[in-house]
Structures are given as C-alpha cells and as structure tokens.
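Trainee: I am new to this structure and would like a close look at a single part of it. Could you take me through that part slowly, and then show me what surrounds it?

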Amino acid sequence: MSVVQSRRLLNLISLIGIATTISLTIYFYHLGVFNDINSLQQLVGSSTIAGPLIFIAIQIIQVVIPIIPGGVSLAAGVLIFGPYWGFVYNYVGIVIGSLILFLMGRHYGKPLIMHLVSDKVYQKYNHWLDDQSRFEKMFTLAIFLPIAPDDALCLMASLTNMSFKKYSAIIFLAKPASIFLYSWALLQGGSLLSHLFVH
C-alpha cells in the first residue's frame, strides 16, 4: 500500500469514527442520557454486558465531544456500577477518549484544536508549549490531579513533539489518580448535600 493510499485509508477511518461518534451523540442526546441520570441508569443498567459497553461509549463521547461535565459522568459511573466497576468503566472510557483526542489533534492540527478549545483556555495554557520539557512535566501533573481542563490539554499536547507512546504512558499511569479523586470528591459532596437537605 502506497503512502497516498495509507493516508486516504486513515482519513476514511477518521471520518467514519467522527460520523459514528456524532451519530451516537445525537442518539444518546435524544434518549436524555446527558442530562438525566435516571435515563442513563435505565439505559446502561438493563444489561450486564451491553450496559458497561454503552457507558464506556458515553464516556468516550464526553471526552471527544464535551457535552456534559466529565465530573458528572464520573460520579454517574460510580453510582450506577459501584465504586470498583464504576472506576474501571470510567478509566477505560476516559483513556480511550483521551487517546482518540490526541490522534485527532495530531491529524487535523491547530484549526481543530481552536474549534474545540475555547480561546480563553487556549491562551491560558498556550505558554506551556514554549518549553517542551516543561510542558511534559506540567501536563503529567495536570493529568494526575483533577485541577485543569484535561481534554483541552490533551489536544494541546498533540501540538508538541511528544510521541504518542509517551503521551499514552502519561494517560495510562496518571489518569487513575485523577479519576479516583474526582469521583470521591463528587460522591462525598453529594452525600454531604443529601445529609444537609434531609436533616
């Protein structure tokens, strides 16, 4: 297969992937799963096999196309599947979505990133790109701790010379901590609010 044919194949796969993501997004939106946790629970809780796969797909979508705040879906995963499997499904979906996001940014470049990332966020973190070594350290810290817009930084990482291998290692190793901390904080906050309202 020639280089031109390879590029055409990659473009075709990319377009199919985007079309599938958009189609699923529209389908899930009409079902109400992005704004109603009860609808989400009914959709994913009805099957022990299809349910987790659907939830993982939703997590992938919310990383690539941020329709709902990531924290909401993180908490939903734990509430629906329990702390252990909720963490696993959150992790798998978010990692896959983060890898897709990087590949999309690397393939389509800055025009796509400027379309998906707000100008305010881009300008805030743009200076990180001036120093490759510093960016990698700051990026790793940001992914490890739930203190920065991970999805935007994943896209911005694609503008650097960071290899996909190194990027993947950071995502695989640093994401568990942020997912756990974010889920725990949201669940504890929800429990506290429930306790205050009840009493």
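Mentor: What follows is a walk from one helix to the core and the aromatic rings. Please keep in mind that this is a predicted model. Let us begin with helix H9, residues 150-157, which is largely enclosed by the rest of the structure because 7 of its 8 residues are buried; those buried residues are Asp 150, Ala 152, Leu 153, Cys 154, Leu 155, Met 156 and Ala 157. Two of these names, Leu 153 and Cys 154, return in the largest nonpolar core, which has 38 residues, where they stand with Phe 139, Ile 143, Tyr 167 and Ile 171 as the residues that touch the most other members. Helices H3, H4, H5, H6, H7, H8, H9 and H10 each give two or more residues to this core, and the largest share, 7 residues, comes from H5.

Tyr 167 leads back to the helix, since leaving aside its neighbours within four places in sequence, Tyr 167 is in contact with residues including Cys 154, Ala 157, Phe 102 and Phe 139. Tyr 167 also belongs to one aromatic cluster with Phe 102, Tyr 125, Trp 128, Phe 135, Phe 139 and Phe 164.

Among the 11 aromatic pairs of the structure, Phe 102 and Phe 164 form a tilted one, with 5.9 Å centre to centre and 35° between the planes, and this pair links helix H5 to helix H10 across 62 residues. Phe 102 is buried, with a relative accessible area of 1%, whereas Phe 164 is partly exposed at 33%.

Conventions
Residues are numbered from 1 along each chain as its sequence is written. This is a predicted model: local features need pLDDT of at least 70, side-chain atom pairs count only at pLDDT 80 or more; totals for chains, interfaces and linings use all residues. Side-chain values use heavy atoms; hydrogens and water are left out. Buried means under 20% relative accessible area, exposed over 50%, partly exposed in between (1.4 Å probe, protein chains only). Helices (H or I, at least four residues) and strands (E, at least two) are DSSP runs, numbered from the N terminus. A nonpolar core is a set of buried Ala, Val, Leu, Ile, Met, Phe, Trp, Tyr and Cys residues joined through side-chain atoms within 4.5 Å. Contact means heavy atoms within 4.5 Å. Rings of Phe, Tyr and Trp (its six-membered ring) pair if their centres lie within 6.5 Å; planes under 30 degrees apart count as stacked, over 60 as edge-to-face and the rest as tilted.
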